[in-house]
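Me: I'm new to reading protein structures, and I've got one open here. Can we go through it together, one question at a time?

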Amino acid sequence: MKRNNRNAFHKRFQFLTSLLLITFSTSGCSWLVPLIFIGEHKEKVPAEFDKLHGMKTAVVVWADQETLFDYPHVRMELSMHITDKMWSSMKNVELVDSRRIEDYVQKNIEMSIDPEKVGHAFDCDMVVYVELLDFQIRDREAPDFVRGKIDAAVSVYDIKADIEAARRYELDEVETVYPEMQSMLFNETNAIIVRKETYEKFAETVARKFYQHEVEL
């Protein structure tokens, strides 16, 4: 009797399996893809510049006077965010405290446009120089809304390189927008959120230039 029950169950199972296969194959769905291929897919991206390992490095941010008038601490804030992102993923890089760099630049304003001299002042091997080309938190086209936008040129100065060797490396520009789809109504809470998320997104994009990382496909 038990054997008959097992045979009956086996036949029902085969029937249901066949029915499911027919249904999915004719519906154009991807249900037949093996489970090993289903889920999150990530791709490894090599570092755009991989020569910071083992180097004492300073992250120097430049901003124009108009931006500094509205956001007087933006240089240090962005430098701290970038440095933090780099430090968390690059344990063998010695990074100069962004507060020390800002204090030095405040006392020597001309140094904000001379990353090599900043590098020498802190006995660095490398300087990551971030030039803000565009910076906004309040949406210029709609003042009642907030939408973060940071565009920047990024380069690396090899402070210890021989005079005849390459000393400056230009990297791809960084363009960051938050939120991506549309602006948010301006209020104190939204302004704080947009500024924080824009900084985080921008800093991560810059930091990832210097180490291998993964991106979702």
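Me: Let's start with a pair of strands. Which residue in strand 3 stands opposite Thr57?

Reply: Keep in mind that this is a predicted model. Strand 2 covers residues 56–62, and strand 2 pairs with strand 3 (residues 94–95) in the parallel sense over 2 bridges. Opposite Thr57 in strand 3 you'll find Leu95.

Me: And on the strand 4 side, which residue stands opposite Val59?

Reply: Strand 4 takes in residues 126–138 and runs parallel to strand 2, with 6 bridges joining the two. Look along strand 4 for the residue facing Val59, and you land on Val128.

Me: How many of the residues of strand 2 are buried?

Reply: A residue counts as buried when its relative accessible area is under 20%. Strand 2 has 7 residues, and it is largely enclosed by the rest of the structure, because the number of them that are buried is 5.

Me: What about strand 4, is it mostly covered or mostly open?

Reply: Use the buried cut-off again, under 20% relative accessible area. Of the 13 residues in strand 4, 10 are buried. That makes strand 4 mostly covered.

Me: Which residue in strand 5 is the bridge partner of Arg138?

Reply: Strand 5 is made of residues 145–158 and runs antiparallel to strand 4, joined to it by 11 bridges. The two strands form a hairpin, with 6 residues between them. Arg138 has its bridge partner in strand 5, and that partner is Val146.

Me: Now for empty space. Which element gives the most to the lining of the largest cavity?

Reply: There is 1 cavity of 30 Å³ or more, and the space in the largest cavity is about 70 Å³. Its lining includes Val59, Arg75, Met76 and Val105. The elements that give two or more residues to that lining are strand 2, helix 3 (74–89) and helix 4. With 4 residues, the element that gives the most is helix 4.

Me: And the largest pocket, which element supplies the largest share of its lining?

Reply: The largest pocket has a volume of about 220 Å³. It is lined by 14 residues, and those nearest its centre are Glu66, Thr67, Asp70, Phe135 and Arg140. Two elements give two or more residues to this lining, helix 2 (65–70) and strand 4. The largest share, 7 residues, comes from strand 4.

Me: I also clicked on Ser112. Is Ser112 buried or exposed?

Reply: Ser112 sits in the loop between helix 4 (98–107) and helix 5 (115–121). Leaving aside neighbours within four places in sequence, Ser112 is in contact with Trp62, Arg75, Val105 and Tyr129. The relative accessibility of Ser112 is 9%, so the residue counts as buried.

Me: Which residue's backbone oxygen does the side chain of Ser112 reach?

Reply: Follow the side chain of Ser112 to a backbone oxygen 3.0 Å away. The residue that owns this oxygen is Ile109.

Me: Last one, for the whole chain. What percentage of the residues count as buried?

Reply: The chain has 6 helices and 9 strands. It exposes about 14100 Å², with carbon and sulfur atoms supplying 54% of that. Out of the chain's 217 residues, the share that count as buried is 35%.

Definitions and conventions: Residues are numbered from 1 along each chain as its sequence is written. This is a predicted model: local features need pLDDT of at least 70, side-chain atom pairs count only at pLDDT 80 or more; totals for chains, interfaces and linings use all residues. Side-chain values use heavy atoms; hydrogens and water are left out. Buried means under 20% relative accessible area, exposed over 50%, partly exposed in between (1.4 Å probe, protein chains only). A polar contact is a pair of N or O atoms within 3.5 Å; within protein, one must be able to donate a hydrogen and the other to accept it, and residues adjacent in sequence count only if both atoms are side-chain atoms. Contact means heavy atoms within 4.5 Å. Two strands pair if DSSP finds at least two bridges between them. Accessible areas come from the Shrake-Rupley method with a 1.4 Å probe; for residues, only the protein chains shown count as cover. On a 1 Å grid over the protein atoms alone, a cavity is a set of points where a 1.4 Å probe fits but cannot get out, and a pocket is an open set with protein on both sides within 12 Å along at least five of seven lines; lining residues have an atom within 4 Å of a point. Grid points are joined across faces, edges and corners, and a volume is the space filled by probe spheres set on the points.
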